[in-house]
Structure formats: C-alpha cells, structure tokens
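User: I should like to learn how the surroundings of a ligand are read from a model. Please take the general idea and then the case at hand.

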Amino acid sequence: HAKEEGNGYYRFFKPSLAPLVEEKMQIDNGLYKALKEEQFSLHYQPKINAATGELCGIEALIRWSHPELGMVPPDKFIPLAEESGFILEIDNWVFREACRQNKEWQDAGLKKISVSVNISARHFFQGNLKEMVERGLADTGLDPHYVSLEITEGVFMRNMEQVIETILYLRGRGIQISIDDFGTGYSSLNQLQRLPISDVKLDRSFIRGITSDEKKSSIVKAIIDLVHSMNMKVVAEGVETADESQFCKDLRCDELQGYLFSRPLPAEQLKELLK
Ligand code: C2E
Ligand code: MG
Ligand code: MG
Ligand code: MG
C-alpha cells in the first residue's frame with residue numbers, strides 16, 4: 001500500500017522532490033564514511049562573561065566538509081543522524097576531539113576555559129553516556145572541571161529518574177550541565193527544579209527583537225529571575241546587536257554568546273583568542 005502511494009507521490013512531485021530525497025540519502029550514507037575519513041572538524045564559539053566582557057568558555061560545534069556537497073551545515077545532517085542513531089558515534093567523536101583540543105591548549109599554557117559539547121537526548125535512552133564520558137576523559141587527560149555538556153529539554157520526556165541519576169553522576173565528577181535552546185521544548189520549571197543543572201541557555205528566539213517587544217522582554221525577565229532563584233546561571237544565545245547585549249546585561253544574564261562577539265571559529269583562530 002505504502003509503495004503504491006509512494007509511486008504516485010513520486011510521479012507527481014518528481015521534478016522538485018527527487019533531488020531532495022537524493023541529497024538526504026547521500027548525506028545519510030555519507031555519515032559513516034565521514035567519520036572514518038576524518039571529514040568532520042570542530043569550530044568553537046566563545047561565551048562571554050556579561051559582567052566583565054571576558055571570554056569564559058567555548059562551545060564546540062561540528063562542521064562537515066563533504067567531498068561532493070561541500071560544507072554541510074549541522075541542521076542538515078544532525079537530525080538525520082538522530083533518526084538513524086548514528087548521532088551516538090558522532091557525539092562520541094566530538095566529545096573526544098573537544099577534550100583533546102582543550103587539553104592541548106592547556107598544556108601549551110593558554111588560558112584555561114571550559115569547553116561545551118552538545119549531547120543528543122539519545123545518549124540518555126540508548127547510549128552509555130557515563131562510559132563515553134569516562135573513556136574520553138581518561139584518554140585525553142582533560143580535567144572534567146573544564147567540560148560542560150549541553151542537553152535539550154527532550155531528555156526530560158521520559159525516564160526522568162534515570163536522567164536525574166546520570167546528571168547527578170556527571171555533576172559529581174565536576175562536569176557542568178546546561179539546558180540548550182531553553183524555552184523551545186516541553187520541560188517545565190518544576191522539572192528544572194529537580195535537576196542539578198549548572199545553567200540554562202535561553203534560545204535565541206527569545207533574544208531576537210527583545211529590545212522592541214515588551215511582552216517578550218517581560219517573559220524573559222521572569223524566566224531569568226526564576227532560573228536565578230534556583231541558583232542556576234543564564235546564558236543568552238544568539239546575541240547579534242549591541243542593543244540586545246545591553247538589554248541582556250540589564251536583565252542580569254550571566255553569560256552572552258552570539259555573532260556580536262564572535263562566530264564559531266576554527267581551532268587555529270580560537271587559539272589566538274586564548275593567548
Ligand atoms: P546550538 O547548540 O543551539 O548551537 C547554536 C547555533 O546557533 C550554532 O549553529 C551557531 O553557529 C548558531 N549561532 C550562534 N550565534 C548566533 C547568532 O548570533 N545568530 C544566529 N542566527 N545564529 C547563531 P550551528 O553550528 O549551525 O549548529 C546548529 C545546531 O546543530 C546546534 O544548535 C546543535 O543543536 C546542533 N549541533 C551542532 N554541533 C553538534 C554536535 O557536535 N552534536 C550534536 N548532537 N548537535 C550538534
Ligand atoms: Mg548548543
Ligand atoms: Mg542553542
Ligand atoms: Mg540547538
């Protein structure tokens with residue numbers, strides 16, 4: 001039945017859909033090879049201390065240079081890798097590489113800062129996050145106090161007890177835990193209260209236009225005050241203008257991140273900032 005339907009669909013939409021489907025397959029098939037043949041690299045985006053303006057951390061963001069497609073943005077392949085489960089392999093590579101790179105910079109005597117790694121919700125349900133983290137730390141020798149994991153609200157959708165246990169374990173090792181894209185998912189502030197989270201990253205959709213949207217700014221102010229009352233820090237994501245930056249500072253955001261300060265940079269360029 002599905003096949004028949006699929007055929008009709010295909011014939012009807014052939015001119016526009018076929019290339020898209022093909023590209024999707026090309027990306028899916030290419031992921032395994034990409035990992036094996038070292039087509040992935042990491043860029044690092046600075047986080048700024050809102051009070052001092054100092055660089056206080058970096059976020060590792062994956063980049064894929066595909067031999068035929070060129071640079072493939074994460075939004076094009078991360079969702080596919082999430083679907084297939086291959087994200088577990090990708091995040092494992094990212095975690096190790098980010099730790100290895102940070103340790104190398106520390107050993108070279110550069111400023112010591114924390115590196116954040118994005119972790120798919122899949123790790124909490126299918127993977128073995130604790131083992132992956134322990135192996136990466138042991139193999140690279142990085143002090144866990146310089147590691148932060150960014151998770152999304154999606155991890156709170158099921159297995160809450162197991163999620164709390166894992167986060168407690170990681171925090172016990174000195175690792176920081178952030179909630180990424182906060183406000184776009186389904187977590188409640190009540191759930192947040194039950195978790196030993198270090199900071200909340202306010203999604204950039206809350207920051208965009210905050211200076212001219214009174215409704216938005218009062219919501220953001222309420223969120224920030226609530227998060228602070230739970231003894232967690234607030235990071236503003238996607239700060240693009242000086243006005244947005246000032247507004248976030250006035251609302252007492254702790255850290256700022258966005259194109260205003262820096263785009264994600266290749267390792268060599270980030271190294272210059274650490275000097
Ligand atoms: P994210 O973790 O929320 O990362 C922030 C994204 O916003 C990055 O896009 C960053 O380049 C972009 N960004 C930063 N500042 C600004 C700004 O001022 N304005 C705008 N318009 N955008 C800004 P990127 O690198 O394309 O990554 C997109 C998403 O892909 C990430 O969102 C994250 O969810 C996912 N991702 C990236 N690397 C990894 C990874 O290694 N593992 C996993 N699981 N996901 C990853
Ligand atoms: Mg992130
Ligand atoms: Mg985000
Ligand atoms: Mg995101």
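User: How many residues of each class does the shell around ligand 1 have?

Analyst: Ala, Val, Leu, Ile, Met, Phe, Trp, Tyr, Cys and Pro count as nonpolar, Asp, Glu, Lys and Arg as charged, and the others, Gly among them, as polar. Here the shell has 9 nonpolar, 5 polar and 9 charged residues. This is a predicted model, in which local features need pLDDT of at least 70 and side-chain atom pairs pLDDT 80 or more, whereas totals for chains, interfaces and linings use all residues. Residues are numbered from 1 along each chain as written, chains are lettered from A and ligands numbered from 1 in written order, and side-chain values use heavy atoms, without hydrogens and water.

User: Which element gives the most to the shell around ligand 1?

Analyst: Helices (H or I, at least four residues) and strands (E, at least two) are DSSP runs, numbered from the N terminus. Strand E2 gives the most, with 4 residues. Helix H2 (74-84), helix H3 (87-107) and strand E6 (176-182) are among the elements that each supply at least two.

User: Which polar side-chain atoms lie by an oxygen atom of ligand 1?

Analyst: A polar contact is a pair of N or O atoms within 3.5 Å. Arginine 63 places a polar side-chain atom 2.9 Å from a ligand oxygen, and aspartate 181 does so at 3.0 Å. For glutamine 45, the partner is a nitrogen atom of ligand 1, at 3.1 Å.

Technical notes:
Polar contact = N/O pair within 3.5 Å; in protein donor to acceptor, adjacent residues only side chain to side chain.
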